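Please walk me through this structure. Take the empty spaces, the ligand and a few individual residues in turn.

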Amino acid sequence: MRSLYEPEHEALRDTVREFIDRHVRPREEEFIAAKAFPRDIWLEAGKQGLLGLQVPEEYGGGGVAHDYRFSAVVGEEAGAFSVALASCWGIHADINAPYLVKLTTEEQRQRWLPRYCTGELWTAIGMTEPSGGSDLAALKTTAVRDGDEWVVNGSKTFITNGYSADLVIVAARTDASKGARGISLFAVEAGTPGFTRGRKLDKVGQPESDTAELFFENVRVPAENLIGQEGQGFIHMMQHLPQERIGAAVANLALARSVLAETLQYTKDRKAFGQSIGTFQHNKFLLAELTTKVEVTQAYVDQCVVAHTAGRLTAVDAAKAKWWTAQVQNEVLDACVQLHGGYGFMREYRVGRAWADARVTRIWAGSNEIMKELIGRDLGL
Ligand SMILES: Cc1cc2nc3c(=O)[nH]c(=O)nc-3n(C[C@H](O)[C@H](O)[C@H](O)COP(=O)(O)OP(=O)(O)OC[C@H]3O[C@@H](n4cnc5c(N)ncnc54)[C@H](O)[C@@H]3O)c2cc1C
């Protein structure tokens, strides 16, 4: 029994499920071939009010930023479908929302948010650079003030939605002498001269998500595209990490749950040596262990969602949820592949795709090692 959701959250869940079943599931192969989700599905999501939940109603949003459970429901359903869907959707609608709602000026909100909510203005966030992602404070992209503009030079890599985004939140160094306190955030808009993208990156999993390199060569960004305060970019990013991490944790666990449920059924149906493979003691115990792990983890994640809704989730508890769910998810999916035998290795089976898609959850958005580093520091070590 999970007790955190109310009927209005479950109603949103039904809408999200129907959206996925009707507009995403039947076209999966098309998205894989295109190495991207096409804009029309996001426009449809926008039409159904599924992109702007954290945006105030006056800008066309759902106005429920105060209740993170709505966003968590979307993350659960998208996550249960695929890592790629959850990440592309989540970067735009969940991770980028506080940057564009809380750190912006009234003029910026008027300029961007209505089209953000409809899906006409698709967004990405560029922190990671070819020289490193874990050590964010060491980023090398620069932005130098020149009159009413900032001149941006550098590059970003592995950027989700990077190829198709109309607006990218870019972290750049504005003061070389100040380390982490010399970083600022800018909205770089598509079509700005000098802003180009590389190819869609060829990944081991998630072929349908658009992941790209971004290049900035003397890109003149208007001063009114600075997001938040000059020199506070690193702090802004740290402030919004709990939401990014709990969003990742929700999606991680949702996929593990979903594939585990399918695998349990498979082990009941599939026979070897005259009996269902799930009834061999080894497999029965394995499934019992995995189910226990998923349910216990769900209790922790649910508490984190409740805490975030109440504004009490700490960055350290969010880090615990993120690394642990990534670990559990990878363990569950690997076992599910094994239980499917050779079929588990076939792309036509969802379990194999999910396993390959999920390998990166231990790496991105702060690797498991970095999460443990943060937790260790909190322990006074
Ligand atoms: C598919 C995909 C999508 C992504 N989407 C985005 C996005 O939208 N926006 C964005 O900005 N980034 C994105 N990333 C980048 C991602 O966040 C980084 O890959 C991640 O932060 C790790 O950075 P790195 O790849 O440079 O590895 P590195 O920082 O070079 O780390 C390499 C290894 O060293 C370990 N390591 C580093 N420091 C320590 C330490 N102090 N202690 C112990 N071990 C350590 C790491 O854990 C890792 O195992 C994405 C990546 C992928 C693969």
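**Cavity, ligand and pocket**

Ala36, Phe37, Trp42, Cys88, Trp122, Asn161, Ser164 and Asp210 form the lining of the largest cavity. The model is a predicted one. The cavity has a volume of about 40 Å³. With a threshold of 30 Å³ or more, the count comes to 1 cavity. By class, its lining residues divide into 5 nonpolar, 2 polar and 1 charged. The general idea behind such a search is plain: a probe the size of a water molecule is rolled over the atoms, and this shows where empty space is left.

Next comes the ligand. Around the ligand there are 19 residues. Those that come nearest are Gly133, Ser134, Phe158, Ser367 and Glu369. Sorted by class, this shell has 10 nonpolar, 7 polar and 2 charged residues.

Which atoms of the ligand and the protein pair up at 2.7 Å? One pair joins a nitrogen atom of the ligand to an N or O atom in the side chain of Thr128, at 2.7 Å. Another pair joins an oxygen atom of the ligand to a polar backbone atom of Gly133, also at 2.7 Å. Ser367 adds a contact through its side chain: a polar atom there lies 2.5 Å from an oxygen atom of the ligand. Taken alone, the ligand exposes 970 Å², and the protein buries 65% of that. Three elements give two or more residues to the shell: strand E1 (123-126), strand E3 (149-160) and helix H12 (368-378). E3 supplies the largest share, with 3 residues.

Phe158 deserves a closer look. This residue is found in strand E3, and it is among those that come nearest to the ligand. Is Phe158 buried or exposed? Phe158 counts as exposed because its relative accessibility is 57%, and the cut-off for that class is over 50%. That class takes only the protein chains as cover. The backbone of Phe158 is also worth checking. Its phi is positive, about 60 degrees, although Phe158 is not a glycine. Most residues other than glycine have a negative phi.

Ala365 is another case of this kind. Its phi is positive at about 55 degrees, and Ala365 is not a glycine either. Ala365 lies in the loop between helix H11 (350-358) and H12. With a relative accessible area of 30%, Ala365 is partly exposed. H12, at one end of that loop, is one of the elements that give two or more residues to the ligand shell.

Now turn to the second largest pocket. About 330 Å³ of space lies in it. Its lining has 17 residues, and Arg17, Glu76, Glu77, Ala80 and Ser258 lie nearest its centre. The elements that give two or more residues to this lining are helix H1 (7-24), helix H4 (68-81) and helix H8 (233-269). The largest share, 5 residues, comes from H8. What is the class make-up of this lining? It has 6 nonpolar, 2 polar and 9 charged residues.

H8 also holds Glu244. Glu244 is a charged residue by class. It is classed as buried because its relative accessible area is 13%, and the cut-off is under 20%. Glu244 and Ile95 are 149 residues apart in sequence, yet their C-alpha atoms are 5.4 Å apart in space.

Glu230 shows the opposite relation between sequence and space. This residue has its place in the loop between strand E8 (226-227) and H8. Glu230 is partly exposed, with a relative accessible area of 47%. Glu230 and Gln265 are 35 residues apart along the chain, and 54 Å separates their C-alpha atoms.

The last stop is Ser184, in strand E5 (residues 183-189). Ser184 is buried, with a relative accessible area of 0%. What does the side chain of Ser184 contact? It makes a polar contact of 2.7 Å with the side chain of Thr174. A polar atom of the Ser184 side chain also lies 2.8 Å from the backbone nitrogen of Gly231.

Notes. Residues are numbered from 1 along each chain as its sequence is written. This is a predicted model: local features need pLDDT of at least 70, side-chain atom pairs count only at pLDDT 80 or more; totals for chains, interfaces and linings use all residues. Side-chain values use heavy atoms; hydrogens and water are left out. On a 1 Å grid over the protein atoms alone, a cavity is a set of points where a 1.4 Å probe fits but cannot get out, and a pocket is an open set with protein on both sides within 12 Å along at least five of seven lines; lining residues have an atom within 4 Å of a point. Grid points are joined across faces, edges and corners, and a volume is the space filled by probe spheres set on the points. Helices (H or I, at least four residues) and strands (E, at least two) are DSSP runs, numbered from the N terminus. A residue is near a molecule or strand if one of its heavy atoms lies within 4 Å of it. A polar contact is a pair of N or O atoms within 3.5 Å; within protein, one must be able to donate a hydrogen and the other to accept it, and residues adjacent in sequence count only if both atoms are side-chain atoms. Accessible areas come from the Shrake-Rupley method with a 1.4 Å probe; for residues, only the protein chains shown count as cover. Buried means under 20% relative accessible area, exposed over 50%, partly exposed in between (1.4 Å probe, protein chains only).
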